Amino acid sequence: MRPDDANIAGNVHGGTILKMIEEAGAIISTRHCNSQSGEHCVAALARVERTDFLSPMCIGEVAHVSAEITYTSKHSVEVQVNVLSENILTGAKRVTNRATLWYVPLSLKNVDKVLEVPPIQYAWKELEEEGKKRYEEQKLERLVTKQRNGDLIFPVFNPEPYTVGYSQSSLIHLVGPSDCTLHGFVHGGVTMKLMDEVAGIVAARHCKTNIVTASVDAINFHEKLQKGCVITISGRMTFTSNKSMEIEVFVDADPFVDEPKERYRAVSAFFTYVSLSKEGKPLPVPQLVVETEDEKRRFEDGKGRYLQTKAKRQVQMQPLTQQ
Amino acid sequence: MRPDDANIAGNVHGGTILKMIEEAGAIISTRHCNSQSGEHCVAALARVERTDFLSPMCIGEVAHVSAEITYTSKHSVEVQVNVLSENILTGAKRVTNRATLWYVPLSLKNVDKVLEVPPIQYAWKELEEEGKKRYEEQKLERLVTKQRNGDLIFPVFNPEPYTVGYSQSSLIHLVGPSDCTLHGFVHGGVTMKLMDEVAGIVAARHCKTNIVTASVDAINFHEKLQKGCVITISGRMTFTSNKSMEIEVFVDADPFVDEPKERYRAVSAFFTYVSLSKEGKPLPVPQLVVETEDEKRRFEDGKGRYLQTKAKRQVQMQPLTQQ
Amino acid sequence: MRPDDANIAGNVHGGTILKMIEEAGAIISTRHCNSQSGEHCVAALARVERTDFLSPMCIGEVAHVSAEITYTSKHSVEVQVNVLSENILTGAKRVTNRATLWYVPLSLKNVDKVLEVPPIQYAWKELEEEGKKRYEEQKLERLVTKQRNGDLIFPVFNPEPYTVGYSQSSLIHLVGPSDCTLHGFVHGGVTMKLMDEVAGIVAARHCKTNIVTASVDAINFHEKLQKGCVITISGRMTFTSNKSMEIEVFVDADPFVDEPKERYRAVSAFFTYVSLSKEGKPLPVPQLVVETEDEKRRFEDGKGRYLQTKAKRQVQMQPLTQQ
């Protein structure tokens, strides 16, 4: 990891790690989907499951990213990606991330056509059954979030500190050739990196300290983003616990040249950040001031997600710390 | 703003800010010029008015770039761009730049055709009149500088095609943080990439076709290159065979800030390039015209290396293709 | 490999491959040299053996770079790197490069101190003997080229400090896909960034301190710059006041592939820089020494612009500080 991968605190941006994870996922699933003779295709990112940042990665360390296909349905591929950081001076290695991504193979001749995925072999029957369960679950959740995607963020003038309007931020990005695959789609990883950037700015504005990505909730990619469009990435804080902040991020696309299409919402997701002291210790987070009914409702929803995750983590922590 | 946007003093390069300003201007004017039905177009930058850097922008600050269309003539758009820097830790904001840019809409079908600009609405009649005055002023100034530009061409010696002087090239690179290891040395790979870039330009200037690197002779790194130095990479053609060109590349370093050292030669190497047709087939290379005694000697030396390599390759080819 | 790794022919730049090779070599040798307890070190590239580009690598292919330590002497490490390209659509793999690199471990506490390298185990005694032979050969060759390098320094004219010739600089840039709009024109902002880079090098060479852009005069873009052309950006100092320097920058384009056009002047502009102390305070600027009639005339012209701007600024300052 090089100096320009760093955030102000000197660690690697969560967004940079998300981008590497997606790159590995895209390679392995595109390779797999083309492994049988037939129409050539490119694997497009459809969804990333909730992922935790287990420990920070530092500049100068070597990142090891490994990917494995763990399930295939008729039209989608599940990929498991692990990220290790290695300090080549001391030899120390740590797991920094585990992520699960879903890809869909799109025909290169007609990008609106989804192709069939060659099935994989499972070592045990149970692995297939568990995969099928995960597949059904994410399918359902994708449906639900697609409906929720109606919201827009509007600017607030002269807001009070610690309100939602105070830290809310957005950035505009013109999609260029180096953001895209050869076939003219924005890499999912590029989008996630920009989302993490905006979420980080919202978090830093709220608590005015160094901040790091702690986790990212499941992200669904509902619409393709194409070369030449302008994307607006907006973030607003939805919830704070004692030591964490939840930020909702939206990606909207304006296909402004060559396209009669309207602005559309392509992606949305929740990022969780923590605030760190100069020594890298977690700091208390100022409570978010919610004013409108919508903000109160979102705060309660965020609290629900927070408590649910906390409960889940207590269960999962045991196997995780053993590895 | 990230570490690789910084100059050695730790502030953001003026050039990086100019680039952001222009991006904002290009987006808003392209969007405006496509807002009425008709031929699609892209807005091309025609002029930037004088701009002052009112205060420095620091790494870690958030840049806010906002753009507004302030005047439209029949064929051009005036855009006003403001840049604010925000320290998200203290909340302090400062104006760092104000700039005025002029764009012209070019048809996407025929880039030599300038399209018409949809008129904007003015809040007051005076705004339109003032804009018209600015438009006339810049139009006049453009004419004046166009004439001046004809005079001012640097004393270009015009060497004959195919001589050493004709294709000889050099580039200067200011070594920044992202070129370096954490310990402040330039990565050897960064130096090699720049050397290949210069060698490629020399080769392309000589034969005016697509060219590719065929091989690189042994490269010795005699001196360390440190952060903050300016490196000059120079290339000159030394030898041509029927289908290849040999280019000698030098890397010289000027440790110009805070260092009493003199310019020194850090690296040198020979690159071999071949010329390719559009179909990717090797093309014959025009013979290098050597004029001075030194050039003749270097040509003979190059021929020696060429014949030696050719002999070696005939021996090595067999094991290579077996592996 | 991504679009911005490509040359105009659509293949990956040789320089990009060399950079990946060196990165792999630096990682494996730094890891090895730190594998025994003792002083921490970083492996610095000392030499790359001759390397051939056996087949081109294409954009969209996946590069596999693998490295192995093949010999260690007391103070150096030999690394063998292999590069494979994989087309993930067809599954085809090809060897594109093999390279041998030599690294030397430098102490992190004192970078002029070379540390000892932990020995590796050889599978056969012959491997060690062959390695030793390669080690002796390269050691000899390094000595020979070091001497040659002393002779070959380009005829550097050594202009006097503070003259125009002393600080004058130029750089060449091959316009690549990521510099351009989707329609193949260079972004105006990319050009301005390169112009600022050259102006900054001229300013830093003149006063040998940290410098910052203070203002940019109006810039007119008379000619489009297209993908694939080579641009030469040249800068020379025209005027110095007590605390500022004016630098004139030219952009010339050579539309060298597929185009019958001659070199043309695309843009020119004046940049004003100031010199700063480590604490960020403006420093006095050494006066420019003008020698020829042209230089004197340009100095007077620059003085005129300087006085005019100063007068204008005194008028404008009031509204500016009120906003």
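**Salt bridges and exposure in a predicted model**

Arg297(B) has a relative accessible area of 41% in this predicted model, which makes it partly exposed.

Me: Why is Arg297(B) called partly exposed?
Reply: Its relative accessible area is 41%. Partly exposed lies between the cut-offs of 20% and 50%. So the term applies to Arg297(B).

Me: What makes Asp294(B) and Arg297(B) a salt bridge?
Reply: Their N to O distance is 3.5 Å. The cut-off is 4 Å, so the pair counts. Both residues sit in helix 5 (residues 293-322) of chain B, 3 residues apart, so about one helical turn separates them. Asp294(B) is partly exposed, at 41%.

Me: How do you know that Lys296(C) and Glu293(C) form a salt bridge?
Reply: N and O are 3.7 Å apart. That is within 4 Å, so the definition is met. The two residues lie 3 residues apart in helix 5 of chain C.

Me: Why is Glu293(C) called exposed, and what is Lys296(C) called?
Reply: Glu293(C) has 60% relative accessible area. Exposed means over 50%, so Glu293(C) qualifies. Lys296(C), at 37%, is partly exposed.

Me: What makes the pair Arg50(C) and Asp217(B) a link between chains?
Reply: Arg50(C) lies in a loop of chain C and Asp217(B) in a loop of chain B, so the pair joins two chains. Their closest N and O atoms are 2.5 Å apart.

Me: Why is Asp217(B) called buried?
Reply: Its relative accessibility is 18%. Buried means under 20%, so Asp217(B) is buried. Arg50(C), at 28%, is partly exposed.

Key: Residues numbered from 1 in each chain as written. Chains lettered and ligands numbered in written order. Predicted model: local features only at pLDDT ≥ 70, side-chain atom pairs only at ≥ 80, totals over all residues. Heavy atoms only, no water. Salt bridge = Lys/Arg side-chain N within 4 Å of Asp/Glu carboxyl O. Helix = DSSP H or I, 4+ residues; strand = E, 2+ residues; numbered from the N terminus. Buried < 20%, exposed > 50% of the residue type's maximum accessible area, 1.4 Å probe, protein only.
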